[in-house]
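Here are a few exercises to work through with the model open in your viewer. Try each task before you read its solution.

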Amino acid sequence: MSLKPGHAISIGMDEAIHFIQGHQSFLVVGHHHPDGDAIGSICALHNVIRSMGKEADMILADPVPEAYTTIEAASKITTEIPKGKTYDALIFADLANIERAGDFDFPDVPSLCIDHHETNEGYADFLYLKGEYAAAAEVVAEMLFAMGISLDKDTCNALYMGIATDSGFFKFSCTSANTLLMASQLVKLGAEPAYISAKIDEKTEEAMKCHQRVVETLKTYEKGQIAIACMDEKAMALDGENADSYASIPRCLKGVEIAGLFKYEGENSYRISLRSVRYANVAKLAGEFGGGGHARAAGCKMKGTFEDCRSRLVEAMARYL
Ligand SMILES: [Mn+2]
């Protein structure tokens, strides 16, 4: 079964549960540059599948950032498909398009994608999508509760971390009553909010220097409604593994509606985090540049000098105000 966009059959929760019940050995995959949601979702799925007496391995194209290592299962994530193992199913979580998985040679087996990105390209055989949910971990948590499986502390922490980080610790507009309900149930079952937050909030000296460097690049346009900041090569060397968190610098500036953070990837090559505060649809904006994501948080890539990319992006952003 190929992983080509546009062929997925949309399914509901019961069918997603049947998919897990009907297979024995899973490879569980999240997106490159993994965040708390990708890591939390795959770790929870891994833990639960193993608790059912089945096999599960997890892969990510990039290593787990330090901030998310509070999850015990995260130490079992590898950046290569384990050799000599066979799998009878693939599960993708928090992965809107297959390119974002990384350069893996996936086994040709049935696949399920569990996601919350409206822009999901439907590359897996089955897609369980909840576009209105704050996190893939919110989708996974609800499904695991419905399965009636008892969740251990690590699984509760993993899901809590996914939900908390993707909702900006319950501050972003994607935070719904269901988001809080899932988080509440996870805490009731053993998730530890202070323990998860402490590791994520802790900053290295390099991160502090990086923060200062990024703040200095801040520029505004359109009477302060657009803000752009940049993580240049040096900033990426200081704290590149937490690059996405720096998107809050332009986003939090008073008066800003659309924010962009350029992240140096190589000579004339940038990944860009796009954020909006109240109404601008940055998923659509990202789509103009071949990217995607959510209405308030999305991303894309651009090629060219920073100044050239910035002026093209600002021009496009202005149309979303
Ligand atoms: Mn997510």
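**Exercise 1.** Work out which kinds of polar link join domain 1 and domain 2 in this predicted model.

*Solution.* Start with polar contacts: four residue pairs, both partners at pLDDT 80 or more, make one across the interface of domain 1 and domain 2. Next, look at who sits on the domain 1 side: three nonpolar, five polar and one charged residues touch domain 2. Finally, try salt bridges, taking a side-chain nitrogen of Lys or Arg within 4 Å of a carboxyl oxygen of Asp or Glu. The count between the two domains comes out at zero.

**Exercise 2.** Find how much area domain 1 and domain 2 bury between them, and which residues of domain 1 lose the most.

*Solution.* First set the bounds: the domain assignment gives 9-200 for domain 1 and 205-318 for domain 2. Their C-alpha centres are 26 Å apart. Now list the contacts, and you get nine residues of domain 1 against 10 of domain 2. The buried area is about 770 Å², with carbon and sulfur atoms giving 50% of that. On the domain 1 side, His33, Pro65 and Thr119 lose the most, together 45% of what that side buries.

**Exercise 3.** Lay out the six-stranded sheet and say which strands stand at its edges.

*Solution.* Read off the order: E1-E6-E5-E4-E2-E3, an open sheet with parallel pairing. Strand E1 (9-10) and strand E3 (55-59) each have a single partner strand, so they are the edges, and one side of each has no neighbour in the sheet. Now zoom in on one pair: E2 (residues 25-29) runs parallel to E4 (residues 89-93), joined by four bridges. Here Val29 sits opposite Phe92 in E4.

How values were computed: Residues are numbered from 1 along each chain as its sequence is written. This is a predicted model: local features need pLDDT of at least 70, side-chain atom pairs count only at pLDDT 80 or more; totals for chains, interfaces and linings use all residues. Side-chain values use heavy atoms; hydrogens and water are left out. Domain bounds come from an automatic or database domain assignment. Contact means heavy atoms within 4.5 Å. Buried area is the accessible area (1.4 Å probe) that two parts lose on being put together, summed over both. A polar contact is a pair of N or O atoms within 3.5 Å; within protein, one must be able to donate a hydrogen and the other to accept it, and residues adjacent in sequence count only if both atoms are side-chain atoms. Ala, Val, Leu, Ile, Met, Phe, Trp, Tyr, Cys and Pro count as nonpolar, Asp, Glu, Lys and Arg as charged, and the others, Gly among them, as polar. Two strands pair if DSSP finds at least two bridges between them. Helices (H or I, at least four residues) and strands (E, at least two) are DSSP runs, numbered from the N terminus.
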